[in-house]
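Please open the structure in your viewer and keep the selection panel at hand, since the tour below moves from one selection to the next.

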Amino acid sequence: MSQGAARQAIWIGGLLVVLALAAQLLLPPAAAAFLTRVLRDEVGAEGQVSVRVESVPAVELLVGQVDRLQVDAQQVRLGELAVETLLLDVRGLQVDLLRTFRGEFAARRPGTARARLVLTEEALNEYLWTHLDTSQLFRIHISPSVVTLEGSLFGEVLPVRVEGELLVADAAHLRFQPRRVSVREAQLPEAILRVVGQELLFPVGVEDLPLPIGLDGLTLADGWLVATGSSEALTEGAPGR
């Protein structure tokens, strides 16, 4: 190879390296900014939305290949239930660029997805009062050890307290399972427990998410809970816990 040809090859090689580095630095944040706008509409977020995109090499983003997509969305409404925080972590995603550029997030291959949904007891009470207890006679209280449904019947004449737990009923629902019902400290029969348990079902609109996810776990805290979900839960079946 002549000296001139060698210099040209080095120059071209250096240029390619610079272009590759520029793509690795610029394409992920550009893709994240674009997907932030699209996903804000998809999940109906009223609060802040943050998106992070990873792909190596980054030029794969130009054909819709995303190694990892992370979404942090605040104040999301899924179906009839308000979600305080939605966290999505997706790996091995193939985006349908044509539909996504039109403003509709779509995936040719959904990859493997995990989700965390933070819900407050206020959100559960809002659903309770809107769909199950329109007279707002009862209120749900969440703690790490027990979930209670407290209220009264006939004004303040009959104070009622239902102790139980929240469970993952299926891939898209939470269920309040009563363990003890008392009226003026008197425990009620098991038959009433079953009636109450059948009525308190909370739909979590995971079908409204841009990627298929089913609920598979639940953690309780004081005044709020974290529901976890995954794409695997749709095929394996969500455990009741």
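In this predicted model, begin with the lining of the second largest pocket, whose residues divide into 11 nonpolar, two polar and no charged. The pocket itself has a volume of about 270 Å³, and of the 13 residues that line it, those closest to its centre are A31, F34, L61, L97 and F101, which are a convenient set to display as sticks. Next, colour the helices α1 (3–43) and α2 (97–101), each of which supplies at least two residues of this lining. Which helix gives the most to the lining? With five residues, α1 gives the most.

Now switch to a surface representation and select V59, L62 and V63, which together make a nonpolar surface patch of about 290 Å². Within this patch, V63 has its place in the loop between β1 (49–54) and β2 (65–78), and V63 counts as exposed because its relative accessibility is 56%, where the cut-off for exposed is over 50%.

The remaining stops concern salt bridges, of which the count comes to nine. Select E104 and R99 for one of them, and check the distance between the closest N and O atoms, which are 2.6 Å apart. E104 is partly exposed, with a relative accessible area of 38%, and R99 is likewise partly exposed, at 36%.

Move on to R161 and E163, whose side chains meet in a salt bridge with an N to O distance of 2.9 Å. Are these two side chains to be sought among the buried, partly exposed or exposed residues? R161 is partly exposed, with a relative accessible area of 31%, and E163, at 24% relative accessibility, also counts as partly exposed, since buried would require under 20%.

Then select R179 and E165, which form a salt bridge whose closest N and O atoms are 2.4 Å apart. This pair links distant parts of the chain, with R179 in strand β9 (residues 173–183) and E165 in strand β8 (residues 158–170), 14 residues apart. R179 is partly exposed, with a relative accessible area of 47%, and E165 is partly exposed as well, at 29%.

For the last selection, add E150 to R161 and E163, because salt bridges, each a side-chain nitrogen of Lys or Arg within 4 Å of a carboxyl oxygen of Asp or Glu, join these three residues into one network through shared partners.

Key
Residues are numbered from 1 along each chain as its sequence is written. This is a predicted model: local features need pLDDT of at least 70, side-chain atom pairs count only at pLDDT 80 or more; totals for chains, interfaces and linings use all residues. Side-chain values use heavy atoms; hydrogens and water are left out. On a 1 Å grid over the protein atoms alone, a cavity is a set of points where a 1.4 Å probe fits but cannot get out, and a pocket is an open set with protein on both sides within 12 Å along at least five of seven lines; lining residues have an atom within 4 Å of a point. Grid points are joined across faces, edges and corners, and a volume is the space filled by probe spheres set on the points. Helices (H or I, at least four residues) and strands (E, at least two) are DSSP runs, numbered from the N terminus. Ala, Val, Leu, Ile, Met, Phe, Trp, Tyr, Cys and Pro count as nonpolar, Asp, Glu, Lys and Arg as charged, and the others, Gly among them, as polar. Patches are made of residues with over 30% relative accessible area and no salt bridge: like charges are joined within 9 Å, nonpolar side chains (Val, Leu, Ile, Met, Phe, Trp, Tyr) within 5 Å. Accessible areas come from the Shrake-Rupley method with a 1.4 Å probe; for residues, only the protein chains shown count as cover. Buried means under 20% relative accessible area, exposed over 50%, partly exposed in between (1.4 Å probe, protein chains only).
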